[in-house]
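Hi everyone, thanks for making time this morning. Could you bring up the structure on your own screens, so that we can walk through it together?

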Amino acid sequence: MSNNQSSQKRHMGQKAVNRISNTFIYILLVIISVVWLIPFVFILLQSFRVESTYQVGYVLPQQWGFDNYLRLWESNFKTWYLNTFIIAVVASLLQTVIVLCMSYTLSRFRFKMRKALMRFMLILGMFPGMLTMIILYRVLSDLGLTQANAVPGLILVYIASSGMGYYVSKGFFDTIPKSLDEAARVDGATRFQVLRKIILPLAKPIVIYTILTAFMAPWGDYVFAQYVSFGTSSGMNVAVGMYGWLTQDQINNWYTTFCAGGVIVALPVTILFLCLQKYYVEGVTGGAVKG
């Protein structure tokens with residue numbers, strides 16, 4: 001009887017410790033979330049401020065309105081936003097096709113120098129992309145894909161090395177039994193039919209994960225886009241175009257409009273991520289295996 005009582009006491013003590021530790025963890029997470037959300041709330045509030053267009057020392061607007069959002073559509077924001085949308089959609093679709101085909105090939109086929117190729121791509125992917133910026137600009141400039149024609153040039157760069165991002169998708173494909181492929185092949189299916197009708201329906205999380213990551217990268221890119229699309233408004237993406245409103249001679253006239261543009265730019269990615277978060281997490285965890 002005493003042993004049972006001591007066991008119950010230990011169990012209750014452990015539950016109390018777990019409850020206290022969980023409480024501290026939740027409090028910490030709430031604090032981190034609040035700190036993380038403060039800049040976004042500030043930008044949202046400033047986007048509705050209409051009493052002035054420059055930076056002020058208070059957060060809550062004295063006069064509320066949609067003037068800044070209306071002003072967006074009277075500027076070049078429409079062109080920048082459309083350019084960004086085209087770049088992100090086309091790049092995400094092409095990158096997804098390339099990454100999934102590369103991942104399926106490396107997961108299912110066994111050929112000479114396969115592991116050497118995988119290691120080479122992993123090592124090559126460790127080098128920062130900035131090392132190639134000068135030569136990439138020279139190539140795009142020679143092809144006439146800079147400044148006003150920067151949109152197709154940026155798409156070309158974003159998809160050029162996308163096959164090297166195979167690792168997570170390959171890890172997910174490795175978790176799908178190869179016996180399914182073999183059974184379909186016995187029934188007369190081609191490799192493409194196996195991929196399209198059997199593997200991809202089972203790999204929905206990794207497909208959505210690939211689309212999301214491929215979409216978000218060009219959607220928020222500034223560094224390389226600025227390097228390629230400078231000087232001509234018609235070829236800029238939204239990050240490069242809006243950055244021009246923050247220069248010393250423009251910021252007092254465009255600050256609140258810049259905040260409104262930031263809200264409009266953030267909405268599609270936020271909604272997309274919230275709707276597909278389940279598949280995103282499944283894709284990351286399912287692909288995090290050795291292969």
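I'll talk about one enclosed helix, then some helix pairs, and then a few single residues. Please keep in mind that this is a predicted model.

Let's begin with helix 6, residues 150-160. How many of its 11 residues are buried? The count is eight, so helix 6 is largely enclosed by the rest of the structure. If you want to select them, the buried ones are Ala 150, Val 151, Gly 153, Leu 154, Ile 155, Val 157, Tyr 158 and Ile 159. And what do those buried residues pack against? Their partners are helix 3 (77-108), helix 5 (133-142), helix 10 (204-219) and helix 11 (223-228).

Now to the helix pairs. As a reminder, two packed helices are described by the angle between their axes and the distance between the axes.

I'll take helix 3 with helix 6, since we have just met both. Their axes cross at roughly 30 degrees and come within 9 Å. With the limit for roughly parallel set at under 35 degrees, helix 3 counts as roughly parallel to helix 6. The crossing of these two, helix 3 and helix 6, is right-handed. On the helix 3 side, the contact is made by Asn 83, Ile 86, Ile 87, Val 90, Ala 91, Leu 94, Gln 95 and Ile 98. Helix 6 brings Val 151, Leu 154, Ile 155, Tyr 158 and Ile 159 to that contact. Look at the spacing in those lists, if you like: an α-helix has 3.6 residues a turn, so residues three or four places apart point the same way. What is the chemistry of this contact between helix 3 and helix 6, by class? There are 11 nonpolar residues and two polar ones, with no charged residue.

Staying with helix 3, let's turn to its pairing with helix 7, residues 167-174. Here the axes are 8 Å apart and the packing angle is about 50 degrees. That angle makes helix 3 oblique to helix 7. Helix 3 and helix 7 also have a right-handed crossing. From helix 3, the residues are Val 99, Leu 100, Ser 103, Tyr 104, Leu 106, Ser 107 and Arg 108, and they meet Ser 169, Lys 170, Phe 173 and Asp 174 in helix 7. By class, this contact between helix 3 and helix 7 has five nonpolar, three polar and three charged residues.

One residue in that group deserves a stop: Val 99, in helix 3. Is Val 99 buried or exposed? At 5% relative accessibility, Val 99 counts as buried. Measuring C-alpha to C-alpha in the model, Val 99 and Gly 163 sit 5.0 Å apart, although 64 residues separate them in sequence. Beyond its neighbours within four places in sequence, Val 99 is in contact with Ser 162, Gly 165, Tyr 166, Ser 169 and Thr 210.

For another pair linked across the sequence, try Ala 217, which is in helix 10. Ala 217 and Ser 92 are 125 residues apart in sequence, and their C-alpha atoms are 8.9 Å apart in space. Ala 217 has 47% relative accessibility, and counts as partly exposed.

The last helix pair is helix 8 (residues 178-186) with helix 9 (residues 191-202), at an angle of about 140 degrees and with axes 10 Å apart. Helix 8 and helix 9 are therefore oblique to each other. Their contact is made by Leu 180, Asp 181, Ala 184 and Arg 185 of helix 8, with Arg 191, Val 194, Ile 198, Ile 199 and Leu 202 of helix 9. In the contact of helix 8 with helix 9, six residues are nonpolar, three are charged and none is polar.

Now a quick look at the backbone. Most residues other than glycine have a negative phi, and most peptide bonds are trans. Met 113 has a positive phi of about 70 degrees, and it is not a glycine. Met 113 is in the loop between helix 3 and helix 4 (114-125), and is exposed, with a relative accessible area of 57%. Gln 147 has a positive phi too, near 55 degrees. Gln 147 lies in the loop between helix 5 and helix 6 and counts as partly exposed, at 30%.

That's my tour, so over to you for discussion.

How values were computed:
Residues are numbered from 1 along each chain as its sequence is written. This is a predicted model: local features need pLDDT of at least 70, side-chain atom pairs count only at pLDDT 80 or more; totals for chains, interfaces and linings use all residues. Side-chain values use heavy atoms; hydrogens and water are left out. Axes are lines fitted to C-alpha atoms, for helices over the stretch in contact, and angles run from 0 to 180 degrees between N-to-C directions. Helices (H or I, at least four residues) and strands (E, at least two) are DSSP runs, numbered from the N terminus. Angles under 35 degrees count as roughly parallel, over 145 as roughly antiparallel, 65 to 115 as roughly perpendicular and the rest as oblique. Contact means heavy atoms within 4.5 Å. Ala, Val, Leu, Ile, Met, Phe, Trp, Tyr, Cys and Pro count as nonpolar, Asp, Glu, Lys and Arg as charged, and the others, Gly among them, as polar. Buried means under 20% relative accessible area, exposed over 50%, partly exposed in between (1.4 Å probe, protein chains only). A crossing is left-handed if the near helix is turned anticlockwise from the far one by less than a right angle, and right-handed if clockwise.
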